[in-house]
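Visitor: I should like to learn how to read individual features of a protein model. Could we proceed feature by feature, with the general idea placed before the case?

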Amino acid sequence: MMNYWQQLKPRERIILILLGGVVSIVLLYIAVLEPFQLKVEQLESRITKQKTDIQWMRNAALEIKQLQGNAIGNSQRNLRKGQSLLALVDRTAKQNKLASAMKRVEPDGSKRVRVWLEKATFDDVTKWLFKLQNDYQLEIESAVFDRTEDDGRVDVRLVFLGAES
């Protein structure tokens with residue numbers, strides 16, 4: 001090979017060196033730069049799509065929150081329609097097996113109700129409170145639970161704060 005190189009004229013050697021350089025540059029571009037550029041374009045495309053998806057998800061989340069808020073507000077209005085806070089608390093307590101434990105229910109203004117339960121089953125009380133908070137959006141302003149001698153039973157004093165219907 002060295003012999004062949006030595007037999008070439010200086011001008012031919014320069015042409016071969018330049019040709020070798022051009023081939024090297026083309027191979028470098030094909031093997032390294034072009035795949036890199038393609039990958040960058042693919043990633044930019046994915047980022048654009050994901051930004052679009054995120055924006056859509058944010059809009060959908062806002063719409064869901066608005067619909068949930070409307071549904072809760074409508075259900076609260078429908079469930080309490082024409083019914084006072086006092087009547088609601090009394091009715092739901094009876095529906096949740098607390099009628100015998102309920103000793104006193106009295107209004108405290110237009111937005112509050114005080115309730116006294118004696119020897120109520122703790123599980124029934126917690127289910128009732130959960131229902132009042134989730135279904136009717138009543139807030140428990142204060143709650144005092146006292147243990148009784150009977151297992152699983154409590155004396156309870158509650159103050160509910162209801163939203164205006």
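Guide: Let us begin with accessibility. A residue between 20% and 50% relative accessible area is called partly exposed; Phe 145, at 35%, therefore counts as partly exposed. Please bear in mind that this is a predicted model.

Visitor: With which residue does Phe 145 form an aromatic pair, and what is its geometry?

Guide: In general, ring planes over 60 degrees apart count as edge-to-face. Phe 145 pairs with Phe 122 in that manner, with 5.9 Å from centre to centre and 65° between the planes. The two rings come from distant parts of the chain: Phe 122 belongs to helix H4 and Phe 145 to strand S3 (residues 139-147), 23 residues apart. Phe 122 has a relative accessibility of 37% and so is also partly exposed.

Visitor: How many aromatic pairs are there in total?

Guide: The count comes to two aromatic pairs. Besides the pair just described, Trp 128 and Phe 160 form an edge-to-face pair, 5.5 Å centre to centre, with 80° between the planes. Because Trp 128 lies in helix H4 and Phe 160 in strand S4 (residues 153-161), this pair ties together parts 32 residues apart in sequence.

Visitor: Are Trp 128 and Phe 160 buried or exposed?

Guide: The general idea is that under 20% relative accessible area means buried. Both Trp 128 and Phe 160 are buried.

Visitor: Helix H4 has now appeared twice. How is the packing of H3 and H4 to be read, and at what angle do they pack?

Guide: One reads the angle and the axis separation together. Helix H3 (residues 85-95) and helix H4 (residues 122-136) pack at about 130°, their axes being 10 Å apart. An angle between 115 and 145 degrees falls in the oblique class, and H3 and H4 are therefore oblique to each other. The crossing of H3 past H4 is right-handed.

Visitor: Which residues make the contact between H3 and H4?

Guide: From H3 come Leu 88, Val 89, Arg 91, Thr 92 and Ala 93, while H4 supplies Trp 128, Leu 132 and Tyr 136. By character, the residues of this contact comprise six nonpolar, one polar and one charged. Trp 128 thus belongs both to the helix contact and to an aromatic pair.

Visitor: What surrounds Leu 132, and is it buried or exposed?

Guide: For such a reading, residues up to four places away in sequence are set aside. Leu 132, found in helix H4, then touches Thr 92, Gln 137, Leu 138 and Phe 160. Its relative accessible area is 1%, so Leu 132 is buried.

Visitor: Which residues are in contact with Val 144 when close sequence neighbours are left aside?

Guide: The reading follows the same procedure. Val 144, placed in strand S3, is in contact with Asp 155, Val 156 and Arg 157 once neighbours within four places are left aside. With a relative accessible area of 33%, Val 144 is partly exposed. Its C-alpha atom is separated by 9.7 Å from that of Trp 116, 28 residues apart along the chain.

Visitor: Finally, which residues have a positive phi although they are not glycine?

Guide: Here one reads the backbone angle and then the location. Lys 97 has a positive phi of about 65° and lies in the loop between H3 and strand S1 (102-107). Its relative accessible area is 64%, so Lys 97 is exposed. Lys 119 has a positive phi of about 50°, and its place is in strand S2 (residues 112-121).

Terms used. Residues are numbered from 1 along each chain as its sequence is written. This is a predicted model: local features need pLDDT of at least 70, side-chain atom pairs count only at pLDDT 80 or more; totals for chains, interfaces and linings use all residues. Side-chain values use heavy atoms; hydrogens and water are left out. Axes are lines fitted to C-alpha atoms, for helices over the stretch in contact, and angles run from 0 to 180 degrees between N-to-C directions. Helices (H or I, at least four residues) and strands (E, at least two) are DSSP runs, numbered from the N terminus. Angles under 35 degrees count as roughly parallel, over 145 as roughly antiparallel, 65 to 115 as roughly perpendicular and the rest as oblique. A crossing is left-handed if the near helix is turned anticlockwise from the far one by less than a right angle, and right-handed if clockwise. Contact means heavy atoms within 4.5 Å. Ala, Val, Leu, Ile, Met, Phe, Trp, Tyr, Cys and Pro count as nonpolar, Asp, Glu, Lys and Arg as charged, and the others, Gly among them, as polar. Rings of Phe, Tyr and Trp (its six-membered ring) pair if their centres lie within 6.5 Å; planes under 30 degrees apart count as stacked, over 60 as edge-to-face and the rest as tilted. Buried means under 20% relative accessible area, exposed over 50%, partly exposed in between (1.4 Å probe, protein chains only).
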